[in-house]
Amino acid sequence: MNIIFLGAPGAGKGTQAQIVEKKYKIVQISTGDILRSAVKAGTPLGLEAKGFMDKGALVPDAVVIGLIKDRIAMDDCRNGFILDGFPRTTDQALALDKILAQNSMSIDHVVNIDVPQNELVQRLLKRAEIEGRSDDNLDSIKNRLVVFEEKTKPLIDYYKKNGKLRNINGLGSVDEITGAIEQVIK
Ligand code: AMP
């Protein structure tokens, strides 16, 4: 089973992807985590990505598409995967379709976790206190939400058209939201 988790920053994609990864034995692929590791390790990829991430801007499409292309071709993806934080632009979604076709794969479900904007800001500010992510400051948060509205939200329509979209209310306890996700992916 191959799944995409769509949703704004703070919607709970990462939390839910980790739960689904364990329960269904399919791998979570988080472009944000891959990029954060690269920044921490000080690799050329990390050095390129850091400026964009700190501002709350998107890392260029070509960079993340390259990452996903290599990651999806790895053996552990054969059992299934959850894309968490990719695609985020229409060009990324188009590139993903090509990569999947090249690997004789397809997406089964696109789970859109919907959370109102004011709740997202509260959650991200709270996460800033707990995790200390360098992009969880108010300026960056505001920018990431604008980027989501402008660049990522159009993907909801893109996946609605191909019949893969499953909408989930992202307000509630972690367990409730996991339950709602399981209803649509089983
Ligand atoms: P996330 O952990 O998914 O919120 O991602 C953190 C940051 O990494 C984002 O604000 C972007 O700067 C960058 N990033 C993660 N995924 C992507 C993507 N698919 N396209 C472009 N930038 C991304």
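This report describes the fold of one protein chain, the surroundings of its ligand, and two features of its backbone.

**Overall fold**

The structure is a predicted model. Its chain holds nine helices and five strands. Read from the N terminus, these elements follow the order β-α-β-α-α-α-β-α-β-α-α-α-β-α. Measured out along the principal axes, the C-alpha trace of the chain covers about 40 × 40 × 30 Å. The radius of gyration of the chain is 16 Å, and this agrees with a compact globule, because a globule of 186 residues would have a value near 16 Å.

**The ligand and its shell**

Where does the ligand sit? The space that the ligand takes up is the largest pocket. Around the ligand there are 16 residues, of which T31, R36, A57, G85 and Q92 come nearest. By type, the residues of this shell are seven nonpolar, four polar and five charged. Which element gives the most to the shell? Helix 2, made of residues 31-41, does so, with four residues.

Three polar contacts to nitrogen atoms of the ligand are set out below.

| Residue | Part of the residue | Ligand atom | Distance |
|---|---|---|---|
| T31 | N or O atom in the side chain | nitrogen | 2.8 Å |
| G85 | backbone N or O atom | nitrogen | 2.9 Å |
| Q92 | polar side-chain atom | nitrogen | 2.9 Å |

T31 and Q92 thus each take part through the side chain, whereas G85 takes part through the backbone. On its own, the ligand has 470 Å² of accessible area, and the protein covers 96% of that area.

**Two backbone features**

Most residues other than glycine have a negative phi, and most peptide bonds are trans. The chain has an exception to each of these patterns, as the following residues show.

The peptide bond that joins F86 and P87 is cis, with omega at about 0°. P87 belongs to the loop that runs between strand 3 (81-84) and helix 5 (90-102). G85, which contacts the ligand through a backbone atom, is also one of the residues that come nearest to the ligand.

The other case is K25. Is its phi positive or negative? The phi of K25 is near 55°, a positive value, although K25 is not a glycine. K25 lies in the loop between helix 1 (13-24) and strand 2 (27-30).

Conventions:
Residues are numbered from 1 along each chain as its sequence is written. This is a predicted model: local features need pLDDT of at least 70, side-chain atom pairs count only at pLDDT 80 or more; totals for chains, interfaces and linings use all residues. Side-chain values use heavy atoms; hydrogens and water are left out. A residue is near a molecule or strand if one of its heavy atoms lies within 4 Å of it. A polar contact is a pair of N or O atoms within 3.5 Å; within protein, one must be able to donate a hydrogen and the other to accept it, and residues adjacent in sequence count only if both atoms are side-chain atoms. Accessible areas come from the Shrake-Rupley method with a 1.4 Å probe; for residues, only the protein chains shown count as cover. On a 1 Å grid over the protein atoms alone, a cavity is a set of points where a 1.4 Å probe fits but cannot get out, and a pocket is an open set with protein on both sides within 12 Å along at least five of seven lines; lining residues have an atom within 4 Å of a point. A molecule sits in a cavity or pocket if more than half of its atoms lie within 2 Å of its grid points. Helices (H or I, at least four residues) and strands (E, at least two) are DSSP runs, numbered from the N terminus. Ala, Val, Leu, Ile, Met, Phe, Trp, Tyr, Cys and Pro count as nonpolar, Asp, Glu, Lys and Arg as charged, and the others, Gly among them, as polar. The radius of gyration is taken over C-alpha atoms; the globule rule is 2.2 Å times the number of residues to the power 0.38.
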